[in-house]
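Dear colleague,

Please find below the structure I am handing over to you. My notes on it follow directly after.

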Amino acid sequence: MNTRKSYIRPMEGWWLKNPFYIRYMIREATSIFVGIYALVLLTGLVSLSCGEASYNNWLVAMTNPIAILFHLIALAAVIYHTITWFAVAPKVVSPLFIAGTRVPDMFIVAAQYVIAILLYLILFAMVWKV
Amino acid sequence: MADNGKKIDIEVLRYRPEQEMEPVLQTYTVPFTDDMSVLQGLQHIKDHLDGSLSFRWSCRMAICGSCGMMLNGIPKLSCKTFLSDYYPGKLHIEPLKHFPIERDLVVDASDFISKLEGIKPYIIPKEPRTLEQGEYLQSPKQLEKYEQFSSCINCLLCYAACPQYGLDQKFTGPGVLALLQRYNADSRDDARSDRMEVVNADDGVWGCTLVGYCSEVCPKQVDPAAAVNKNKVNSTMDYFFRFLFPRGGKS
Amino acid sequence: MKKRSNEPVFWSLFGAGGVVVAFILPMLVFITGLAVPLGFLSPEVMAYERIHAFASCWIGKLFILAVISLPLWHAAHRIFLSLHDLGIHWGRTFFKWLCYGLAFLGTLISLILLVVI
């Protein structure tokens, strides 16, 4: 007689049960702040094309405490995005071989940081003496 | 086995379909020494405490892939994990997540098997070689391109780790895609384009969101996350350039 | 024959967006959202004349398009996929149109405005 009756366990709350999954969900959640920031820039672009008065209103709005708070959180979010992005980017090319030699994943991670920090400094250099 | 008095509580999620509707927890107190694996703990239970406990095992040395289970919520090989790592706390054992429970710690792995069969997990050369032509020659550099993926022991820890597989069993999954990459990247194989159908499907590589936990738990450092995500690039190239490279290009 | 997925389109945009976010946004968020509004940098940095001039040249247009559009596609993709992770399996088609539709709209508006400026 066949007594097989397999049991399937539910997936509810799966990501709360392991710190690795929680960090994954936080990583995914950073995209909410990325999206909102892009929309903030979009409103800036719209106000820019509506003329100086409109654009200056947008600049004032950016000084609102809620805006400052948002950008503080958004800064933390994009930094977390960057750290996690650089950490997993090697998976897209791994195993990587240059001239026949295996490039360790750590190299790829480090190279991204070098380029990123360079770009951040260039961007900052373009504005800090203004 | 010297008895220095140490005992650990092992709580096991049991399931006997002929006598219960849902899994139940049962706790055993197991005497142990520091050199005992979790598997040996389970064997002690079966030999001395409760002969009805069912679990898979074979080699005792992390190469057969039979003894995968959830130890305090983390997928591990029970033969490769020590009881002393959990003492003095309790060890909670469940069968591998995301698979249907057959009985006690035994899961139904038939989904994995059929998916593995679907990717043609063997070398399909451009031209079959006769015995007289001799063996295939392969340089160490050519071996390096796929060797890590050949280490897969089909233990299914990566499937237990993968939430996307847990949420949708149609997803091909990390292990099968790692083995697909093992053959695609092997210089002796020429069937990459045959396997692209599996790669390109919604439940091929595109079911993956790079959680990355599969590579974390792999006991053989196969890095299935790399196999899957490298094939996202391959799949994307195939999608946009399919008319330039009809046979799929190099892996 | 298994149907070929169209994910490569969205994944490519997601990837490009992720790169832009990682390599540009930390400093950009700091400058535009904190340093200038709080006075750490001169208000001249984001003054109308300066930014309008920036948006009038080719490089400026490309930069502004890249930092608005690509992060929108990145966020749309991640948010849509996360709904599935959270166990929300209903309304897949609706949410797909909503998420990618917003990204598309944002891209379109940016393009039109940048062409005109």
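The notes below cover the nonpolar cores, one interface and the cysteines.

This is a predicted model, in which local features need pLDDT of at least 70 and side-chain atom pairs count only at pLDDT 80 or more, while totals for chains, interfaces and linings use all residues. Residues are numbered from 1 along each chain as its sequence is written, chains are lettered from A and ligands numbered from 1 in the order in which they are written, and side-chain values use heavy atoms, without hydrogens and water.

The largest nonpolar core (buried Ala, Val, Leu, Ile, Met, Phe, Trp, Tyr and Cys residues joined through side-chain atoms within 4.5 Å; buried means under 20% relative accessible area, exposed over 50%, partly exposed in between, with a 1.4 Å probe and protein chains only) has 130 residues. Leu45(A) and Ile10(B) are among those with the most contacts inside this core. Leu45(A) touches residues including Ile64(C), Ile68(C) and Leu113(C) (heavy atoms within 4.5 Å), leaving aside residues up to four places away in sequence.

Chain A and chain B bury about 2900 Å² between them (accessible area, 1.4 Å probe, lost on being put together and summed over both), with 55% of it on carbon and sulfur atoms. Tyr7(A), Arg9(A) and Lys91(A) supply 25% of the area that chain A buries there. Four salt bridges (a Lys or Arg side-chain nitrogen within 4 Å of an Asp or Glu carboxyl oxygen) cross this interface. Glu94(B) forms a salt bridge with Arg9(A), with the closest N and O atoms 3.8 Å apart.

There are zero disulfides (cysteine sulfur pairs within 2.5 Å) over all chains. For Cys218(B), the nearest cysteine sulfur, that of Cys155(B), is 6.1 Å away. Cys218(B) is buried, at 14% relative accessibility.

With kind regards

Methods:
Buried area is the accessible area (1.4 Å probe) that two parts lose on being put together, summed over both.
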